[in-house]
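This report walks through a few parts of one structure, strand by strand and then residue by residue. Please keep the sequence and the 3D view at hand while reading.

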Amino acid sequence: MFGPGSAPVLVLSQNTKRESGRKVQVENIAAGKAIADVIRTCLGPQAMLKMLMDPMGGIVMTNDGNAILREITVQHPAGKSLIEIARTQDEEVGDGTTSVIVLAGEMLAVAEQFLEQKMHPTVIIKAYRQALEDMIAILQDKISIPLDRNNRAKVMEVVKSCVGTKFIGRWSDLAVKIALDAVETVTLEENGRKEIDIKRYAKVEKIPGGSIEDSEVLRGVMINKDVTHPKMRRYIKNPRIVLLDCTLEYKKGESQTNVEIMKETDFTRILQLEEEYVEKICADIIAVKPDIVFTEKGISDLAQHYLLKAGITALRRLRKSDNNRVARACGATIVNRTEELKEEDVGTKAGLFEIKKLGDEYFCFITECQDPKACTILLRGASKDILNETERNLQDALNVARNIMMEPKLVPGGGAVEMAVSQALTEKSKSVEGVSQWPYRAVAQALEIIPRTLTQNCGANTIRTLTALRAKHATGGSTWGINGETGQLVDMKELGVWEPLSVKLQTYKTAVETAILLLRIDDIVSGSKKKDKDAAHQPAAQPTEESMKE
């Protein structure tokens with residue numbers, strides 16, 4: 001920049017890079033499209049897998065939009081915000097991560113032509129906002145249908161359509177059963193509110209070996225621990241379980257403690273005090289006659305000896321989360337001090353405690369619980385990679401099952417919703433006045449990317465299929481969509497592909513909001529921390545001597 005007298009005025013520091021205006025918007029759109037293209041082949045039942053290597057050399061094989069984008073390192077700031085939305089989608093509803101990215105990329109792509117025609121971004125944004133509001137209204141009022149939660153077959157259909165697009169699609173019946181059982185187990189209703197906490201109480205344990213068919217939901221909990229003393233019992237029917245959150249050893253000083261002893265009998269006395277303390281703790285525990293003691297901290301050898309004499313099995317150093325799950329499964333209360341142990345703190349709802357060896361590790365099973373409120377999903381599979389991918393897929397299935405239980409409303413899948421909403425928006429755009437009807441109509445076109453991608457991924461003729469689908473929707477067949485396996489047009493009612501409304505709503509909101517956000521940007525100032533190696537050799541542009549004299 002040149003001030004009066006043509007001396008350069010340096011406002012920004014010399015090694016910052018600034019881009020502004022149209023160039024930025026075009027770049028942002030290009031970044032959005034690039035990321036959408038990476039993910040595009042991962043949509044639908046015929047999805048391809050991506051194989052990613054992280055810097056440490058580990059590999060991830062997946063077709064979950066969120067997992068792929070987590071592993072990719074992206075430099076462009078607009079690309080980073082797209083990755084962020086996949087994460088939001090995953091945390092909010094757990095499914096639809098792939099479609100949200102594809103949709104957001106397309107929303108940006110259709111805006112490009114308007115920017116070229118010198119339309120102001122705020123006009124486009126306003127039209128997008130209006131379109132989003134109308135989309136949500138159309139979804140909630142016209143397209144969604146209610147679902148009876150207790151109709152298990154119907155609920156299974158919905159979860160199946162989620163699982164069908166994933167790696168575990170081949171074992172879809174098993175996966176759906178696991179997801180529904182787990183969600184039904186952890187559903188808790190109290191004081192009129194409903195809580196389904198899958199993250200905390202439905203733990204997925206992956207054990208390599210066996211085959212995927214051996215996976216199951218335990219009516220109880222499994223923990224990767226063995227008993228502390230080899231002579232303790234490893235198989236107990238109807239056990240009484242006590243859960244502790246304190247150490248069963250003598251408390252030592254936090255920092256270094258010096259004890260001065262005058263005569264040697266004192267030393268014996270100190271040892272005696274330690275023993276008496278441990279004995280007292282154990283006596284407190286033995287008083288409530290438990291069969292098993294779990295503690296989150298350590299158990300000293302002496303305490304093990306006392307507990308063994310009383311015929312009590314002990315397990316130590318449990319994770320806090322595991323302890324909470326055991327508490328929910330067998331009805332025990334976690335106690336912080338042994339003196340406060342009471343009869344009602346003992347868990348008696350478990351039917352069986354046993355230690356089994358799977359592979360080369362010992363696992364502790366607490367099963368056959370009456371009405372457990374926590375569960376463990378046991379996954380078996382050929383290799384670690386398969387197990388990781390299965391777990392990711394199962395998380396999606398669990399989330400879908402949870403969404404249906406929380407909000408039992410459905411929309412047809414297979415691109416049928418997108419086509420129906422697109423049709424409704426195109427109709428509505430005729431009543432929109434002024435220039436903004438064009439961006440409004442563009443949103444309707446952008447929605448067609450989902451059925452189009454589905455068709456592309458299974459190798460059918462895109463143009464013919466989409467034209468036929470448009471014709472179907474124009475004549476009122478609003479549940480018609482694309483069969484992702486074959487690329488044929490089918491009525492989703494007959495095919496039985498349904499999706500939860502909450503997932504679709506979140507997908508549309510997130511995609512349009514992100515497109516709006518990225519269109520708002522007209523300036524990128526990036527401060528490069530260190531000059532690149534080659535730039536380091538060239539001296540920075542400095543004001544010339546003449547300009548300094550002036």
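## Strand β11 and its partners

Which residue in β14 does L243 stand opposite? In this predicted model, the residue of β14 that faces L243 is I334. The strand β14 covers residues 334-335, and two bridges join it to β11, with the two strands running parallel.

A parallel pairing also links β11 to strand β12, which spans residues 292-295, and here four bridges make the connection. Within that pairing, L244 is placed opposite T295 of β12. The strands β11 and β12, taken together with helix α9 (residues 264-287), form a β-α-β unit that is right-handed.

## Side chains along β11

Side chains in a regular strand alternate between the two faces of the sheet. Strand β11, made up of residues 241-244, has I241 and L243 pointing one way, while V242 and L244 point the other way. Whichever way they point, all of these residues are buried.

## A four-stranded open sheet

Elsewhere in the model, four strands make an open sheet in the order β9-β16-β15-β10, and their pairing is antiparallel. The edges of this sheet are formed by β9 (221-223) and β10 (235-237), each of which pairs on one side only. From one strand to the next, the twist averages 25°.

At the β9 edge, three bridges join β9 to β16, a strand of residues 361-367, and the two run antiparallel. One of the facing pairs here consists of V221 and, in β16, I366. Helix α11, which comprises residues 320-330, lies across both β9 and β16, and its direction is at about 150° to that of β9.

## The surroundings of E389

Turning to a single residue, E389 is found in helix α12, which extends over residues 384-406. Is E389 buried or exposed? Its relative accessibility is 3%, and because buried means under 20% relative accessible area, E389 counts as buried.

When the neighbours within four places in sequence are left aside, the residues in contact with E389 are L49, M61, T62, N63 and F167. For W498, the separation from E389 can be given in two ways: the two residues are 109 residues apart in sequence, and they are 23 Å apart in space, taken from C-alpha to C-alpha.

Notes: Residues numbered from 1 in each chain as written. Predicted model: local features only at pLDDT ≥ 70, side-chain atom pairs only at ≥ 80, totals over all residues. Heavy atoms only, no water. Buried < 20%, exposed > 50% of the residue type's maximum accessible area, 1.4 Å probe, protein only. Pairing = 2+ DSSP bridges. Right-handed = clockwise from strand over helix to strand, strands pointing away. Axes fitted to C-alpha atoms, helices over the stretch in contact; angles between N-to-C directions. Contact = heavy atoms within 4.5 Å.
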